[in-house]
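Here are some short exercises to work through with the sequence and the 3D view side by side. Try each task yourself before you read its solution.

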Amino acid sequence: METVSVRYIVNDVDEAIAFYSGHLGFAVALHPAPSFAMLAKGNLRLLLNAVGGPGGASQPMPDGSRPEPGGWNRIQIEVKDLEALVAALRHAGQSFRNDIVKGMGGSQILLQDPSGNLVELFESARR
């Protein structure tokens with residue numbers, strides 16, 4: 001499988017690195033400047049850009065709007081024991097947008113990174 005890159009705009013790149021590497025198992029692949037880092041987990045590259053940083057990802061749009069963190073788009077990480085992971089993350093002071101939702105395909109919850117970007121944690125019903 002090819003590598004897939006997803007870009008998140010964050011308020012603080014170092015804080016985002018600590019969150020993704022410390023809680024979700026990402027490795028730092030590149031951190032050349034305070035305003036940018038590339039993290040890796042399997043075939044996923046997570047590109048972190050600071051709000052208003054010098055790179056192209058943070059530049060204003062022609063209408064003047066600026067890229068900002070948050071929203072509803074998200075990456076999904078499949079986990080083996082969702083309830084245990086959620087309990088550990090809550091104990092570590094992490095924030096969620098909802099509680100665990102159980103559906104036909106499995107269970108999920110929306111974890112918020114320090115800038116409000118979402119990470120969907122998903123446990124498949126298939127075992």
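**Exercise 1. A residue in a loop**

In which loop is Glu-68 found? Once you have placed Glu-68, decide whether Glu-68 is buried or exposed.

Solution. Keep in mind that you are looking at a predicted model.
- Step 1: Glu-68 is found in the loop between β4 and β5, where β5 covers residues 74-78.
- Step 2: The relative accessible area of Glu-68 is 62%. The cut-off for exposed is over 50%, so Glu-68 counts as exposed.
- Step 3: Now look for Val-10, which is 58 residues away along the chain. The C-alpha atoms of Glu-68 and Val-10 are separated by 7.3 Å.

**Exercise 2. A second loop residue**

Find the place of Ser-35 and work out whether Ser-35 is buried or exposed.

Solution.
- Step 1: Ser-35 sits in the loop between β2 and β3.
- Step 2: With a relative accessible area of 16%, and a limit for buried of under 20%, Ser-35 is buried.
- Step 3: Which residues does Ser-35 contact, leaving aside its neighbours within four places in sequence? They are Val-13, Leu-48, Asn-49, Ala-50, Gly-53 and Pro-54.

**Exercise 3. Reading an open sheet**

Write down the strand order of the four-stranded open sheet, then name its edge strands.

Solution.
- Step 1: The order is β1-β4-β3-β2, with mixed pairing.
- Step 2: The edge strands are β1 (4-10) and β2 (27-33), since each of them pairs on one side only.
- Step 3: From one strand to the next, the twist averages 20°.
- Step 4: Take one pair as an example: β2 and β3 (residues 36-41) are antiparallel and share four bridges. Here Ala-27 stands opposite Ala-40 in β3.
- Step 5: Helix α1 (residues 13-24) packs on this sheet and touches β1, β2, β3 and β4 (44-50). The directions of α1 and β4 make an angle of about 155°.

**Exercise 4. Checking a helix**

Test whether the length of α1 agrees with what you would expect, and find out where its buried residues lie.

Solution.
- Step 1: At 1.5 Å a residue, the twelve residues of α1 should span 16 Å. The end C-alpha atoms are 16 Å apart, so the two values agree.
- Step 2: The buried residues of α1 are Val-13, Ala-16, Ile-17, Phe-19, Tyr-20 and Leu-24.
- Step 3: These residues cover an arc of only 165° around the axis, so they lie on the same side of α1. A general rule helps here: an α-helix has 3.6 residues a turn, so residues three or four places apart point the same way.
- Step 4: Look at the ends. Asp-12 caps the N-terminal end, with a side-chain oxygen 3.0 Å from the backbone nitrogen of Asp-14. After α1 comes Gly-25, which has a positive phi near 80°.

**Exercise 5. One strand and its partners**

Explain why β8 (residues 106-112) is described as largely enclosed, and list pairings that β8 makes.

Solution.
- Step 1: Five of the seven residues of β8 are buried, so the rest of the structure largely encloses this strand.
- Step 2: β6 (residues 95-96) runs antiparallel to β8, joined by two bridges; Phe-96 has Leu-111 as its bridge partner.
- Step 3: β7 (residues 101-102) also pairs with β8 in the antiparallel sense, over two bridges, and a hairpin of three residues joins β7 to β8.
- Step 4: β8 and β9 (residues 118-124) are antiparallel with seven bridges, and Ser-107 is partnered by Glu-123.

How values were computed. Residues numbered from 1 in each chain as written. Predicted model: local features only at pLDDT ≥ 70, side-chain atom pairs only at ≥ 80, totals over all residues. Heavy atoms only, no water. Buried < 20%, exposed > 50% of the residue type's maximum accessible area, 1.4 Å probe, protein only. Pairing = 2+ DSSP bridges. Axes fitted to C-alpha atoms, helices over the stretch in contact; angles between N-to-C directions. Contact = heavy atoms within 4.5 Å. Expected span 1.5 Å × (residues − 1). Arc of directions from axis to C-beta. Polar contact = N/O pair within 3.5 Å; in protein donor to acceptor, adjacent residues only side chain to side chain.
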